[in-house]
Amino acid sequence: MNYFLNMNYFLNMRSLTKSLLTLVLAGLALSLPASAGLAQSPSERGRVLLSDNCARCHAIGKTGKSSHEAAPPFRAISESFDLDDFATRLERGLTPGHPDMPAFKFNEEDAHAVSAYLRTIQE
Ligand code: HEC
């Protein structure tokens with residue numbers, strides 16, 4: 001008798017574990033696209049990168065002033081740089097022309113994302 005009770009318990013635990021596992025896997029599958037950034041376009045990704053790394057000094061939108069008065073707004077950047085070259089510059093590492101500006105280096109994908117975004121805001 002005892003043996004059967006134990007057996008039942010064991011079987012129940014097994015199916016419980018199985019449904020829990022299914023739930024967890026389903027949850028993972030649902031949350032993956034968002035966290036892996038698969039739904040993000042290059043220019044959206046570029047905007048996030050600039051917002052994280054540059055926005056505390058440069059204006060990164062179509063309007064608005066830079067927080068750092070000497071930092072040019074990015075919507076005017078094509079006046080100083082060819083945006084095709086700019087991605088390459090970002091990959092090689094941007095050397096700051098100003099003591100306040102830290103040096104930056106982007107990988108190829110990020111550099112192209114940044115220049116894709118910059119194209120969308122040029123005036
Ligand atoms: C701490 C402030 C600060 C941060 C953060 C910063 N910059 Fe700058 N940046 C400046 C300043 C100030 C200048 C103006 C330099 C000068 O006039 O010589 C500048 C100039 C530039 C220029 C030259 C613009 C031109 O028209 O000559 C580029 C390009 C640039 N920054 C890109 C970036 C990028 C890309 C990031 C983020 C990855 C960034 N900066 C982050 C302060 C900053």
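**Note on the predicted model: ligand shell, helices and core**

1. Of the 18 residues found around the ligand, those that come nearest are Cys54, Cys57, Ser80, His98 and Met101. The shell that surrounds the ligand is made up of ten nonpolar, six polar and two charged residues. A reader new to this structure should keep in mind from the start that this is a predicted model, and that every value discussed below is computed from that model.

2. As to the overall build, the chain contains four helices and zero strands, and its elements, taken from the N terminus on, follow the order α-α-α-α. Of the 123 residues in the chain, 16% count as buried. Among the contacts in the chain with a separation of 6 or more, 52% are accounted for by residues that stand 24 or more positions apart.

3. Turning to the largest nonpolar core, this core has 15 residues, of which Phe74, Leu90, Ala111, Val114 and Leu118 touch the most other members. Two or more residues of this core are given by each of the elements α3 (83-92) and α4 (108-121), and α4 gives the most, with six residues. Leu118 may serve as an example for the reader who wishes to inspect the contacts one by one: leaving aside residues up to four places away in sequence, Leu118 touches Phe74, Ile77, Leu83 and Phe86. As a general background to such a grouping, nonpolar side chains in soluble globular proteins tend to be buried together.

4. Helix α2, which covers residues 42-53, can be checked for its length, because at 1.5 Å a residue its twelve residues should span 16 Å, and its end C-alpha atoms are indeed 16 Å apart, which agrees. Within α2, the residues Gly46, Arg47 and Leu49 are buried. These three cover an arc of only 165° around the axis, and therefore they are placed on the same side of α2. Among what covers the buried residues of α2 is helix α4.

5. The buried residues of α3 are Phe86, Ala87 and Leu90. Because they cover an arc of only 100° around the axis, they are put on the same side of α3, whereas Asp84, Asp85 and Arg92 are exposed on the other side of this helix. The cover over the buried residues of α3 includes α4. Directly after the helix, α3 is followed by Gly93, whose phi is positive, near 110°.

6. Arg89 is also found in helix α3, and this residue counts as partly exposed because it has 16 C-beta neighbours inside 10 Å. Along the chain Arg89 and Phe104 are 15 residues apart, and their C-alpha atoms are separated by 9.9 Å.

7. For helix α4, the same kind of check on length can be made: at 1.5 Å a residue, the 14 residues of α4 should span 20 Å, and the end C-alpha atoms are 21 Å apart, which agrees. The buried residues of α4 are Asp110, Ala111, His112, Ala113, Val114, Ser115, Tyr117, Leu118 and Ile121. What covers these buried residues includes both α2 and α3. Two of the residues named here, Ala111 and Leu118, are also listed among those that touch the most other members of the largest nonpolar core.

8. The loop between α3 and α4 deserves a separate look, and Pro96 lies in this loop. Pro96 is exposed, because only 10 other C-beta atoms are within 10 Å, where a residue with 12 or fewer counts as exposed. Not counting residues up to four places away in sequence, Pro96 touches Met101, Pro102 and Ala103, and Met101 is itself one of the residues that come nearest to the ligand.

9. Asp100 likewise has its place in the loop between α3 and α4. Asp100 is exposed, since 9 other C-beta atoms are within 10 Å. Although Asp100 and Cys57 are 43 residues apart in sequence, they are 9.2 Å apart in space, C-alpha to C-alpha, and Cys57 is one of the residues that come nearest to the ligand.

Key:
Residues are numbered from 1 along each chain as its sequence is written. This is a predicted model: local features need pLDDT of at least 70, side-chain atom pairs count only at pLDDT 80 or more; totals for chains, interfaces and linings use all residues. A residue is near a molecule or strand if its C-beta atom, placed from the backbone, lies within 6 Å of it. Ala, Val, Leu, Ile, Met, Phe, Trp, Tyr, Cys and Pro count as nonpolar, Asp, Glu, Lys and Arg as charged, and the others, Gly among them, as polar. A nonpolar core is a set of buried Ala, Val, Leu, Ile, Met, Phe, Trp, Tyr and Cys residues joined through C-beta atoms within 7 Å. A residue is buried if 20 or more other C-beta atoms lie within 10 Å of its own, exposed if 12 or fewer, and partly exposed in between; C-beta atoms are placed from the backbone. Two residues are in contact if their C-beta atoms, placed from the backbone, lie within 7 Å. The expected span of a helix is 1.5 Å times one less than its number of residues. The arc is that of the directions from the helix axis to the C-beta atoms.
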